[in-house]
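Visitor: I'm new to this one and would like to learn how to read it. Could you walk me through it, feature by feature?

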Amino acid sequence: TGVGGAVRALGNYTLQQSYGDNTFPDGVTLISRSYTNGIFNTTILLPSSGPTYFFFRVSTLNDACVSQLSSVAQEQGVELPLAPILLRTLVNSPLAIRFFWNMSADTGVNVAPA
């Protein structure tokens, strides 16, 4: 509420994204949108994986001013895993074929399977 109990609607949110630096240096990506709730999905193309993290924070505004920035959230990017390798087949009996393959060494975050 505002002065005298007046309600001020939120205008929109500004989502900030930074790659590899949680201090949000110059060049931060600003994603400004008008939202109806607190959910936003984004697709990040490149760079997409490895040990480096993406960092995010958000602010909102109404007709009076812009809010302070939220706390920082972080997430590591994920790529598609490498394809399975060495696909082999074995015919056990008529109409019965078994398939075998080896898992790839990269599961999508440059981590070998356990």
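Guide: Let's start with a word we'll need: a residue is called exposed when its relative accessible area is over 50%, and buried when that value is under 20%. Leu-87 has a relative accessible area of 61%, so Leu-87 is exposed. Keep in mind that this is a predicted model.

Visitor: Where does Leu-87 sit, and which residues does Leu-87 touch?

Guide: Leu-87 is part of strand β5. Leaving aside residues up to four places away in sequence, Leu-87 touches Phe-99, Phe-100 and Trp-101. Take Phe-99: along the chain, Leu-87 and Phe-99 are twelve residues apart, while their C-alpha atoms are separated by 7.1 Å.

Visitor: Let me step back for a moment. How many helices and strands does the protein chain have?

Guide: There are zero helices and six strands. Reading along the sequence, you get the pattern β-β-β-β-β-β. Of the 114 residues in the protein chain, 19% are buried. Another thing to look at is how far apart in sequence the touching residues are. Among contacts with a separation of 6 or more, 44% are between residues 24 or more positions apart.

Visitor: What about the surface: how much does the protein chain expose?

Guide: The protein chain exposes about 8600 Å², and carbon and sulfur atoms supply 58% of that.

Visitor: Back to β5, then. How do β5 and β6 run relative to each other, parallel or antiparallel?

Guide: When you look at two strands, check which way they run and what joins them. β5 and β6 run antiparallel, and six bridges join them. For one facing pair, find Arg-88, which stands opposite Phe-100 in β6. Together the two strands form a hairpin, with two residues between them.

Visitor: Which residue in that turn has a positive phi?

Guide: That's Leu-95, with a positive phi of about 65° although Leu-95 is not a glycine. You'll find Leu-95 in the loop between β5 and β6. Its relative accessibility is 91%, so Leu-95 counts as exposed.

Visitor: And what is the phi of Leu-86?

Guide: Leu-86 has a positive phi too, about 55°, and Leu-86 is not a glycine either. Leu-86, though, is found in strand β5, which covers residues 85-93. At 53% relative accessibility, Leu-86 counts as exposed.

Visitor: How should I think about side chains along a strand?

Guide: In a regular strand, the side chains alternate between the two faces of the sheet. With that idea in mind, let's look at a group of side chains on the surface. Leu-87, Val-91, Ile-97, Phe-99 and Trp-101 form a nonpolar patch there, with about 580 Å² of accessible area together. β5 and β6 are the elements that give two or more residues to this patch.

Visitor: Which strand gives the largest share of the nonpolar patch?

Guide: β6 does, with three residues. On the β5 side, Val-91 is a good one to click on, as Val-91 lies in that strand. Val-91 counts as exposed because its relative accessibility is 59%.

Visitor: Now for a contrast: is Thr-60 buried or exposed?

Guide: Thr-60 counts as buried, because its relative accessibility is 16%. Look for Thr-60 in strand β3, residues 53-61. Not counting residues up to four places away in sequence, Thr-60 touches Leu-10, Asn-12, Tyr-13, Cys-65, Val-66 and Ser-67.

How values were computed
Residues numbered from 1 in each chain as written. Predicted model: local features only at pLDDT ≥ 70, side-chain atom pairs only at ≥ 80, totals over all residues. Heavy atoms only, no water. Helix = DSSP H or I, 4+ residues; strand = E, 2+ residues; numbered from the N terminus. Buried < 20%, exposed > 50% of the residue type's maximum accessible area, 1.4 Å probe, protein only. Pairing = 2+ DSSP bridges. Patch = residues over 30% accessible without salt bridge, like charges linked within 9 Å, V, L, I, M, F, W, Y side chains within 5 Å. Areas by Shrake-Rupley, 256 points an atom, 1.4 Å probe, with all protein chains shown as cover. Salt bridge = Lys/Arg side-chain N within 4 Å of Asp/Glu carboxyl O. Contact = heavy atoms within 4.5 Å.
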